[in-house]
Amino acid sequence: MFCSKCGAQNLEQDNFCSKCGESLGSDPAQTAPPQQADVQALYAAAVGYKKTSYHMPYFLRFDQQGVGASWHWPAFFVTTYWLFYRKMWLWGLLYILLPIPFGIVDVAFNSAYQGITGLLYLLAAFVLIPMYANAIYYRHIKKKIADVQAQSPSRKIALQQLQAQGGTSPAVIIVAVILFVFMLPLMGILASIAYPAYQDYMQRAQVSAGLATGAHYQRGFEDYVDKNREWPRSLDELGYKPLADSDNIDEVSITHGGAIIISYRGNTTLDGRSLALVPAKGSNGEITWACENIDLDPSVLPATCR
């Protein structure tokens, strides 16, 4: 299809000339009132002449009925990318920073509302933004048109400026491709570093959890010694039942010498391995404890047990 004004060739489905912005024969704006046709031409120039088929019905509805809700899938799946792609830089930055105020609330209230703030963030990021994305973009385009019209001496110049300033940002696509190409191997490298560190952290946390459980038995042990003036030789003497339903600890036992043995399970590195909490009576009669490694990897032990 050729433009009757400038002669530029366009696609059959185009509503406006991609070169001069003139309405093409297939566009309903030709039969619309002149004022409405002019508004549509401004919208098309600001959005991009080849991108009007989706946005124009919403914009015209918003003009007549006011802005409202309408679901937008790109704003749901790739929100930040879509905002930057549509040159809504401030909105894109605000979306990136959106978790910060919710995090501040968590810290300020000592995480008392952690579940609620998390739910509100998900609602804002993945429901409200996609639901009102068309309305947000409509407001953005209306402001851009108003700013250009206030500075342009003629309609033709306004259309040209809108076409130059509006539309989409190809740079976002290029950046996205570059990030995709280079970030994949980088993410693989980071994962190869982070995963062993995470495994080490989890093992040390599991060992610490075992020591915290052992502290409970230590208190019972000390109470028993105060009453009986001798070391207990089993959990039965302390009145404790065998440990059950623990994901991290296989067994807690007491040797005849009074040492509390903590045996671990679950993690492949810790499974079946143990450490001991060994009591000793000081000169003043108080019981002191020493943490002694039996067969655990020293790297997962706290400093007091190495």
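In what order do the four strands of the open sheet follow one another? The order is β1-β2-β3-β4, and the pairing is antiparallel. As background, strands of a sheet pair through backbone hydrogen bonds, either parallel or antiparallel. Two strands are said to pair here if DSSP finds at least two bridges between them; strands themselves are DSSP runs (E, at least two residues), as are helices (H or I, at least four), both numbered from the N terminus.

The model is predicted, so to speak of local features a pLDDT of at least 70 is needed, while side-chain atom pairs count only at pLDDT 80 or more, and totals for chains, interfaces and linings use all residues. Residues are numbered from 1 along each chain as its sequence is written, and side-chain values use heavy atoms, with hydrogens and water left out.

The edges of the sheet are a good place to start looking. β1 (249–254) and β4 (287–293) are the edge strands, each pairing on one side only. β1 is joined by five bridges to β2 (residues 260–264), and the two run antiparallel. Within this pair, S253 has I261 in β2 as its bridge partner.

Further into the sheet, L277 sits in strand β3 (residues 274–281). L277 has a relative accessible area of 6% and is therefore buried (buried means under 20%, exposed over 50%, partly exposed in between, with a 1.4 Å probe and protein chains only). Although 17 residues separate L277 from I260 in sequence, their C-alpha atoms are 5.0 Å apart in space. Leaving aside neighbours within four places in sequence, L277 is in contact (heavy atoms within 4.5 Å) with residues including L211, I260, I262 and W289.

Helix α10 (170–228) can be followed next. Q203 belongs to α10 and counts as buried, at 9% relative accessibility. Not counting residues up to four places away in sequence, Q203 touches N267, T269, L270 and V300.

α10 also takes part in a nonpolar patch on the surface, whose members include W71, F77, V78, I173 and F182 and which has about 1100 Å² of accessible area together (Shrake-Rupley method, 1.4 Å probe, only the protein chains shown counting as cover). Such a patch is made of residues with over 30% relative accessible area and no salt bridge (a side-chain nitrogen of Lys or Arg within 4 Å of a carboxyl oxygen of Asp or Glu), with nonpolar side chains (Val, Leu, Ile, Met, Phe, Trp, Tyr) joined within 5 Å. α3 (73–77) and α10 each give two or more residues to the patch, and α10 gives the most, with six. V78 lies in the loop between α3 and α4 (79–85); with a relative accessible area of 39%, V78 is partly exposed.

Note on methods:
Patch = residues over 30% accessible without salt bridge, like charges linked within 9 Å, V, L, I, M, F, W, Y side chains within 5 Å.
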